[in-house]
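Visitor: Before we look at individual contacts, I would like to hear the reasoning behind each label that is used. Could you take me through it step by step?

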Amino acid sequence: MTAQAAIRVEALAKRFGSLQALDGIDLEVRCGEFFGLLGPNGAGKTTLISILAGLCRPDAGRATVMGHDVRTDYRNARRMLGVVPQEIVFDPFFSVRETLVIQSGYFGLRHNDAWIDEILEHLGLSSKAGANMRSLSGGMKRRVLVAQALVHRPPVIILDEPTAGVDVELRQSLWRFIRRLNEDGHTIVLTTHYLEEAEALCGRIAMMKGGRVIALDTTANLVGRMRDRVVVRLTLSAGALPPAMAARVVSSEGASHVLRLPDPAEVEPLLAQVREAGGQIAELSVTQPDLEEVFVQTMRGTLAGTQSA
Amino acid sequence: MSRAFCTAGFRTLFVKELMRFWKVSFQTVFAPIVNALLYLVVFAHVLEERVQVYEGVPYRAFLVPGLVMMATLQNAFANSSSSLIQSKMTGNIIFMLLPPLSHVEIFLAYVLAAVARGVIVGGGVLAVTLFLAPVPFMHPLWIITFALGGAAILGAMGLLAGIWADKVDQLAAFQNFVILPFTFLSGVFYSIHSLSATWQLVSRANPFFFMIDGFRYGFFGVSDVDPWSSLAVIVGTFAVLAAVNLTMLRTGYKLRT
Ligand SMILES: Nc1ncnc2c1ncn2[C@@H]1O[C@H](COP(=O)(O)OP(=O)(O)OP(=O)(O)O)[C@@H](O)[C@H]1O
Ligand SMILES: [Mg+2]
């Protein structure tokens, strides 16, 4: 037996009218993981999170949080889960501290001030504790959303694009805080459109598209699968690429070309061929693929065999 | 159901709902009291000489319990319905849907906060109108029972309407085409004995009639219907509304997609 799963999703399906938002999702997030959920707009990430949070009811399939079924054992499942919603929402009647005290109370916690102070401190909200929610800037409101998700110290924390519209400083302090929570044993699930963020933080990544998981692996494997490949960008000041190279060209724009090679060892012979054919290279860059490259290719369906681990 | 009263979740939601209207008490408490006072002044002035409903009771005094009840009912309804529709429109309803609150806790918190606002406004109207039109207090227990019962029914109706409505105008329609006619035709301004036999029968199909009639009995010791029968209607109405509300909250109707 492996350790208990923090989140387990089996054959989850959800339809909105004629749109199949989730089309049979199977997923397991282990306790203590820092897990990334990536995918283009409309892939179904928020829908999946909503089902885990009990905001949305699945048509088929099953989901559990720390072993508690989100439908039949919803009270325990919800105690285990903290969700930072994608949309900024707030109650304009209350101050930051009131908002957090109320949220604690909903979870049955009556004397939570020490922890609330700690969260406020870590999220840089201490000076705003008495301010009305209405008076906060967008980024500040988002910090409060993060704080609200943490009031009951949930073992599993899901953040749905928490850094959208947030300044660099908060982004870094937020990640420090979330990393620390992860080191303390909290399971973190993160959706983001900043791929470098996912690459830096997540141990494993699921890529979704059209309501399905189309790639699921460790971040290292996903990127490593392409490590042996290189991307060459070059601009010619004279001459042209030899026709024999057409197969390697990904895109061309005037005299600028992007080529993909299966092996870094092919770079040198390639450049030699270009020169032999009378080409003069004005600019050159050679890069290894990153998560963004993997993402783009996965979404195009050009990267095979990513469903594993 | 009794266990839900002692949970921190219930208490928090209840107190939050109280704070919500208390923070804007100028609109939610003071304005309705002024409104009711205007009704009393105008109607009493126009009709004082012409209408006598009960022997020896001036029309002005007859009007007081009706106005108090009307204010209680309208404000109880407004409290739960507006709170819910606002939460839905702004999206902050998720803060209540994410925690492990049970449907019973949510129901009780909303209804009891609505009762609190209804009774506070009703009490305010009564306190102010007493200066203009003294009324006897024959059976205080009946007064309290009908005030609480009526407010609970309207609080539950407000919750139901707030869950059902997708837009503010749907809620306004519910208020204008259901709540307002039922209140006005319930005998706030008259006794149904002054109506034709047919309309008397129609009035008896209106649960609001029993709330106001029973409430008035508490003041004057006179009513169109026996207060025990009125109480039975009120308990029955509340039971039906509670069952519908609890079912909607349990299944997540309109709240959980
Ligand atoms: N309540 C709803 N009613 C109808 N359609 C919905 C509803 N919620 C989501 N959808 C649709 O389901 C699909 C998946 O939406 P979802 O919000 O899960 O995507 P996402 O992966 O979170 O996208 P994004 O990156 O833009 O946040 C979309 O096509 C969306 O339009
Ligand atoms: Mg989303």
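Visitor: What makes the pair B:Lys23 and A:Glu98 a salt bridge?

Guide: This is a predicted model, and in it the closest N and O atoms of B:Lys23 and A:Glu98 are 2.8 Å apart. A salt bridge requires a side-chain nitrogen of Lys or Arg within 4 Å of a carboxyl oxygen of Asp or Glu, so the pair B:Lys23 and A:Glu98, at 2.8 Å, is called a salt bridge.

Visitor: How many salt bridges does the rule find across the interface of chain B and chain A, and how many does the structure hold over all chains?

Guide: Across that interface the rule finds two salt bridges, while the structure holds 15 over all chains. The same interface has 13 residue pairs in polar contact, with both residues at pLDDT 80 or more.

Visitor: Which elements give two or more residues to the side of chain B that touches chain A?

Guide: They are α1 (8-22), α3 (59-90), α4 (94-97), α5 (103-129) and α10 of chain B, and α1(B) provides the largest share, eight residues. By class, this side of chain B has 13 nonpolar, eleven polar and seven charged residues.

Visitor: Why is the bridge between A:Asp23 and A:Arg212 said to tie together parts that are apart in sequence?

Guide: The side chains of A:Asp23 and A:Arg212 meet in a salt bridge at 3.1 Å, N to O. A:Asp23 lies in strand β2 (residues 19-30) and A:Arg212 in strand β10 (residues 212-218) of chain A, so the pair ties together parts that are 189 residues apart in sequence.

Visitor: Are these two residues, A:Asp23 and A:Arg212, buried, partly exposed or exposed?

Guide: The relative accessible area is 30% for A:Asp23 and 44% for A:Arg212. Buried means under 20% and exposed over 50%, with partly exposed in between, so A:Asp23 counts as partly exposed, and A:Arg212 is likewise partly exposed.

Visitor: Why is A:Asp184 called exposed, whereas A:Arg180 is called partly exposed?

Guide: The side chains of A:Arg180 and A:Asp184 meet in a salt bridge at 3.8 Å, N to O, a value that lies within the 4 Å cut-off. A:Asp184 has a relative accessible area of 52%, which is over 50%, and therefore it is exposed. A:Arg180, at 30% relative accessibility, falls in between the limits of 20% and 50% and so counts as partly exposed.

Key. Residues are numbered from 1 along each chain as its sequence is written. Chains are lettered from A and ligands numbered from 1 in the order in which they are written. This is a predicted model: local features need pLDDT of at least 70, side-chain atom pairs count only at pLDDT 80 or more; totals for chains, interfaces and linings use all residues. Side-chain values use heavy atoms; hydrogens and water are left out. Helices (H or I, at least four residues) and strands (E, at least two) are DSSP runs, numbered from the N terminus. Buried means under 20% relative accessible area, exposed over 50%, partly exposed in between (1.4 Å probe, protein chains only). A polar contact is a pair of N or O atoms within 3.5 Å; within protein, one must be able to donate a hydrogen and the other to accept it, and residues adjacent in sequence count only if both atoms are side-chain atoms. Ala, Val, Leu, Ile, Met, Phe, Trp, Tyr, Cys and Pro count as nonpolar, Asp, Glu, Lys and Arg as charged, and the others, Gly among them, as polar.
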